[in-house]
Every structure is written in structure tokens, then in C-alpha cells.
Amino acid sequence: MIFYFSGTGNSQLAAKLIAESTGDEIVSINHCLKEGKKITFRSERPLVFVAPTYAWRMPKVVERWIRETSFEGNSNAYFLLTCGGSGGNAAAYARKLCTEKEMRFCGLAPVVMPENYVAMFTVPNETESHTIIEKAKPYIAELAARIQKEERFPETPMPFGSRLLSGPVNLLYYPLVIHDKGFTVSSDCVSCGKCAQRCPLNNIDMVNGKPIWKGNCTHCMACIGGCPTEAIEYKSKWGTGSKGKPRFYIMKE
């Protein structure tokens with residue numbers, strides 16, 4: 001069974017590609033979070049968790065969801081983290097999570113996909129994004145083959161710098177950077193409500209036809225990336241903000 005969390009579509013695409021190869025059922029963590037229900041999943045096949053990399057680790061909302069969810073049947077757990085460059089030392093924390101959940105950690109693989117963090121970083125244009133995705137597909141297929149055979153993902157040595165990024169830097173990243181105070185909406189907004197519909201944490205309300213952020217944001221970029229009129233912007237004191245950058249959104253509804 002394949003579980004994915006995705007803001008703009010990178011992890012959703014990776015999850016679907018794996019499902020096409022393995023024939024496994026696919027579950028959206030986004031939908032589970034929106035519904036807020038406690039669910040027990042049973043799978044005779046390995047558990048595969050696909051998510052983006054947030055500050056060189058699995059997103060906290062995903063870690064929390066896994067902790068609060070019951071899994072029965074096959075206890076082999078694979079993790080695939082999409083990223084713009086590096087997954088840091090995320091494997092160490094996924095391993096600890098598996099120990100806590102009495103799962104067998106079968107490896108974590110970072111997969112480079114188009115950068116989508118428009119709030120702080122440069123985002124590739126459509127042509128560049130397509131090239132990055134096509135380059136990632138053979139590696140995703142290789143990982144799917146390992147999952148199908150229930151073989152472990154290969155491990156790589158972890159330099160001290162990666163441990164630092166996934167440890168102290170990650171801990172500072174959330175309180176310093178992850179908030180929704182930087183979001184604004186322009187007069188280009190057409191009151192379609194898609195930003196509210198797509199927010200996995202139900203953090204957006206439509207008030208007088210305009211989105212209002214309520215303080216429980218995980219910076220998945222679903223609202224800004226998927227806005228059909230590019231009416232939403234984000235200004236960050238830690239980066240350049242979103243203005244003038246391409247929007248990356250390949251999420252399938």
C-alpha cells in the first residue's frame with residue numbers, strides 16, 4: 001500500500017509511478033488529514049510512504065500522521081522523499097519512527113524532482129521541470145522494482161553536514177520559517193476557492209470571496225502553486241519570496 005503527501009504534485013506523481021509498477025493500492029495522506037479521521041489500514045504488501053523533503057527530513061505533518069495511524073499486516077516500510085537537491089539525514093529519523101511503530105525499516109530514498117518551494121527558492125520553468133521529471137523516472141522505476149521484490153533500498157554514507165541539516169537546522173526551520181503570515185492575495189483573485197479546497201490542513205477559509213490563512217500552515221505550496229490566476233504571493237524575510245517566479249503545480253485532483 002502506497003501513502004503519499006503532496007503539495008504541488010511531485011510526490012503524488014512518484015507515488016503513482018510506483019503504483020503502476022507494483023499494482024499496489026494508493027492512499028492520499030492529504031485527504032486523510034483533511035477529513036481528520038483516525039483510520040486503520042491493513043496491507044499484505046509493504047507500506048510505502050512518499051512525501052516531499054522539508055528541511056532535509058520528512059514533513060512533521062506526515063510523521064505525526066504515521067504515528068497516529070494504525071497499520072496492520074505487512075510491516076516492511078519504505079520511504080521515498082522527493083526533494084530539490086538533498087534528503088539530508090532523513091533516513092535516521094524515518095528509522096526511529098519505524099522502531100516506534102514496530103515496522104521494519106527498509107530504507108529511505110531521496111528523489112530529485114523540480115523545486116517547488118517558491119516561497120524561498122528559485123523554481124524551474126516548465127521545460128526545466130519536465131527534464132528533471134523525466135530524469136527521475138528511471139530511478140523511481142528502480143525503487144519500485146526493489147519494493148516489488150521486498151528488497152531494501154541501498155544505503156549511502158551520511159556526512160556530518162547532512163546530520164547537521166536534518167538535526168539542528170530542521171529544528172530551527174519550523175519556528176523561524178513555517179508560518180502563513182507572508183501570504184497575500186491580489187485583485188486577480190477570482191474567488192474560485194481552489195486554495196481552500198486543496199489545503200491539506202484546512203488552514204484556509206474564504207471570507208468575502210478571498211482566502212484567509214488561519215495560522216496552521218505547513219508550507220506545502222498547494223495554494224500558491226495551484227492558484228489559476230497567480231493571485232497568491234508569499235513574502236519571506238528569509239528569502240526572496242514568490243514574486244516573479246514560475247509556479248510549479250502538477251497535482252492531479
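A residue is called buried when its relative accessible area is under 20%, exposed when that area is over 50%, and partly exposed in between (1.4 Å probe, protein chains only). The exercises below concern a predicted model, in which local features need pLDDT of at least 70, side-chain atom pairs count only at pLDDT 80 or more, and totals for chains, interfaces and linings use all residues. Residues are numbered from 1 along each chain as its sequence is written, and side-chain values use heavy atoms, with hydrogens and water left out.

**Exercise 1. Salt bridges**

Task: Determine which residue forms a salt bridge with Arg67, and where in the chain the two residues of the pair lie.

Solution: A salt bridge is a side-chain nitrogen of Lys or Arg within 4 Å of a carboxyl oxygen of Asp or Glu, and by this rule the count comes to 14. Arg67 pairs in this way with Glu100, the closest N and O atoms being 3.1 Å apart. The pair links distant parts of the chain, since Arg67 belongs to helix 3 (residues 60–68) and Glu100 to helix 4, 33 residues apart; helices (H or I, at least four residues) and strands (E, at least two) are DSSP runs, numbered from the N terminus. Arg67 has a relative accessible area of 38% and is therefore partly exposed, and Glu100, at 46%, also counts as partly exposed. Another salt bridge joins Arg152 to Glu155, with the closest N and O atoms 3.3 Å apart. Here Arg152 is partly exposed because its relative accessible area is 30%, whereas Glu155 counts as exposed at 55%. Finally, salt bridges that share partners join Arg57, Glu63, Arg67 and Glu100 into one network.

**Exercise 2. The open sheet**

Task: Work out the strand order of the open sheet of five strands, and state which strands stand at the edges.

Solution: Two strands pair if DSSP finds at least two bridges between them. The order is 2-1-4-6-7, with parallel pairing. Strand 2 (26–28) and strand 7 stand at the edges, each with a single partner strand, so one side of each has no neighbour in the sheet. Neighbouring strands are turned by 20° against each other on average, direction ignored, where axes are lines fitted to C-alpha atoms, for helices over the stretch in contact, and angles run from 0 to 180 degrees between N-to-C directions. Helix 4 (residues 90–101) packs on this sheet, touching strand 6 (76–83) and strand 7, and its direction makes about 150° with that of strand 7. Within the sheet, strand 1 (residues 2–4) is joined to strand 4 (residues 47–52) by three bridges, and Ile2 has Val48 as its bridge partner in strand 4.

**Exercise 3. The surroundings of Arg247**

Task: Decide whether Arg247 is buried or exposed, and identify which backbone oxygen its side chain reaches at 3.1 Å.

Solution: Arg247 lies in the segment after strand 11 (232–234), and its relative accessibility of 16% means that this residue counts as buried. A polar contact is a pair of N or O atoms within 3.5 Å; within protein, one must be able to donate a hydrogen and the other to accept it, and residues adjacent in sequence count only if both atoms are side-chain atoms. The Arg247 side chain reaches the backbone oxygen of Lys245 at 3.1 Å, and one of its polar atoms lies 2.9 Å from the backbone oxygen of Ile232. With contact meaning heavy atoms within 4.5 Å, and neighbours within four places in sequence left aside, the residues in contact with Arg247 include Val118, Glu230 and Ser242.
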